[in-house]
Amino acid sequence: MSNLVDLIIKKRDGLALSAAEIQAFITAVTEDTIADYQTSAMLMAMFLQGLTEEETVSLTQAMTHSGTVMDLSSIPGKKADKHSTGGVADTTTLILAPLVASCGVPVFKMSGRGLGFSGGTLDKLESIPGFSTSLSPEQAISLCKESGLVVMGQTKDLTPADQKLYALRDVTGTVDSIPLIVSSIMSKKIAAGADAIVLDVKCGSGAFMKDLPSAQTLARQMVQIGRSLGRRVSAVISSMAQPLGLLIGNALEVEEAISVLKGETEGDLLDVSLELGSRMLLLTDAVSSVEEGKRLLRRQIETGAGLAQLERLIAQQGADISILHHPDRLPKAQSSLAVKAPKSGYLCAMDTASIGHTSVLLGAGRVKKTDAIDYAAGIRMAVRLGDFVEEGQLLGTLYARNDGLCAQGAALFTNAFTFSEEKPTQPPLILDIIEEGTK
Ligand code: URA
């Protein structure tokens, strides 16, 4: 076996690494026997030269096995999981996880925290007073066996190689590489143990992938890699041309998810949740078509079964179930500010990332991993793309700890909207579906 410098040179020169060579690199990363500058050089070589499909499979496999791989076999039935590449007001997990679990399909969810303009499920759930996501794998498996649904934070020993590589990619300009993103996401999903994985690949102004061709390439590769490693996988490419829901921020998004589960709120957030949830049911053989899955999930809303499942989740993880019927008991902001339209016109574009950055500035998110967040902060959107708004009409209400933050947020928020005289065509919500066997 060549030494690590030879491997860096080989990749730098555009040659494909063998599975054994990729394993040697990942072992060295995991065991800290390679210097950070060498790892960074290898990441840059991979970024610039790309990886073949075989190399991406080998990298994903090596990263998956760099730490613990969850064994969920003691939970009866096929287990489902989902992953979003990250968006704004993207609260689908809080809706579809209880809905799918209430249909009898166990959902074992390892979630992440928000970073940058995209939120994270752990932060949203922790805005419910008392909610604990720090569970050991044994506790999480036992809760999932009992109730059919658990949401836990990623443990330290899940894909440690990815944790090291991601930290270096973040500071070396090597995040935006499709094979590196594929191996990072899919190694975590495979190590988390579910049989069926539905991916929500976000595309548009509030997503990693700004255009459809790159979202399609990412989705296709993730589906193929998941398949090669023995999991059932499909991907939905959904629009981030505007925030998915109307409420942005941790406690606010919990409030909106509850309202959707009560059948009080329809719209894009529900539609994407049904699109993803029905595919979780399909891949676990609980239904035989997406349409049947959507009908079943809608029925779980009508009968209150989805809401009851969320109640069990909140109770089992130590939190206050009274928020389900008294959302006013969720954290509430001290200050608010109504932001009005500076002129009349059709809303033809939103800079969704800027809206996400506004919520971070208000206190709802983190710039650095170690930043504290304000659960009550966020935005209540009052408009959707294609709406005609009059000058002075409400665009949204901002919530923060003090008036100064609201005023700073207002400037950024107002600039996120583009107005036109012509009525714009409505962009599709679901841009593509990539299923097993899609070329
Ligand atoms: N999310 C991940 O987990 N990894 C990436 O590389 C990008 C997004």
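Helices in this account are DSSP runs of at least four residues, numbered from the N terminus. With that numbering in hand, the ligand makes a good starting point in this predicted model. H9 gives the most to the shell around the ligand, contributing 4 residues. Helix H8 (160-172) and helix H9 (178-191) each supply at least two residues of that shell. The residues around the ligand are Tyr-166, Arg-169, Ile-181, Ser-184, Ile-185, Lys-188 and Phe-208.

Three of these side chains are worth a closer look for their polar atoms. Lys-188 places a polar side-chain atom 2.5 Å from an oxygen atom of the ligand, and Arg-169 has a polar side-chain atom 2.8 Å from an oxygen atom of the ligand. With Ser-184, the ligand takes part through a nitrogen atom, which is 2.6 Å from an N or O atom of the serine side chain. On its own the ligand has 240 Å² of accessible area, and the protein covers 87% of it. The space that the ligand takes is the largest pocket.

Attention now turns to charged pairs. Side chains of opposite charge can pair when their charged atoms come close. The structure holds 21 salt bridges, and a few of them show how such pairs are placed along the chain and with respect to the surface. In one, the side chains of Asp-285 and Lys-78 meet with an N to O distance of 2.5 Å. Asp-285 belongs to the loop between helix H12 (268-283) and helix H13 (290-302), while Lys-78 belongs to the loop between helix H4 (53-64) and strand S1 (80-84), so this salt bridge ties together parts that are 207 residues apart in sequence. Both ends of the pair are partly exposed: Asp-285 has a relative accessibility of 48%, and Lys-78 has one of 39%.

A second pair joins Arg-366 to Asp-123 by a salt bridge in which the closest N and O atoms are 2.9 Å apart. This pair also links distant parts of the chain, with Arg-366 in the loop between helix H15 (352-362) and strand S9 (378-381) and Asp-123 in helix H6 (residues 121-126), 243 residues apart. Here the partners are buried, Arg-366 at 8% relative accessibility and Asp-123 at 2%.

A third salt bridge brings together the side chains of Asp-200 and Lys-202, at 2.8 Å from N to O. Asp-200 counts as buried because its relative accessibility is 0%, and Lys-202 is likewise buried at 0%. Elsewhere, salt bridges that share partners join Arg-113, Asp-123, Glu-126 and Arg-366 into one network.

The backbone offers two further details. Most residues other than glycine have a negative phi. Ala-89, however, has a positive phi near 55°. This alanine is found in the loop between S1 and helix H5 (92-102), and with 2% relative accessibility Ala-89 counts as buried. Thr-159 is another residue with a positive phi, about 40°, although it is not a glycine. The threonine is found in the loop between strand S3 (149-153) and H8. Thr-159 is buried, its relative accessible area being 0%.

Technical notes:
Residues are numbered from 1 along each chain as its sequence is written. This is a predicted model: local features need pLDDT of at least 70, side-chain atom pairs count only at pLDDT 80 or more; totals for chains, interfaces and linings use all residues. Side-chain values use heavy atoms; hydrogens and water are left out. A salt bridge is a side-chain nitrogen of Lys or Arg within 4 Å of a carboxyl oxygen of Asp or Glu. Buried means under 20% relative accessible area, exposed over 50%, partly exposed in between (1.4 Å probe, protein chains only). A residue is near a molecule or strand if one of its heavy atoms lies within 4 Å of it. A polar contact is a pair of N or O atoms within 3.5 Å; within protein, one must be able to donate a hydrogen and the other to accept it, and residues adjacent in sequence count only if both atoms are side-chain atoms. Accessible areas come from the Shrake-Rupley method with a 1.4 Å probe; for residues, only the protein chains shown count as cover. On a 1 Å grid over the protein atoms alone, a cavity is a set of points where a 1.4 Å probe fits but cannot get out, and a pocket is an open set with protein on both sides within 12 Å along at least five of seven lines; lining residues have an atom within 4 Å of a point. A molecule sits in a cavity or pocket if more than half of its atoms lie within 2 Å of its grid points.
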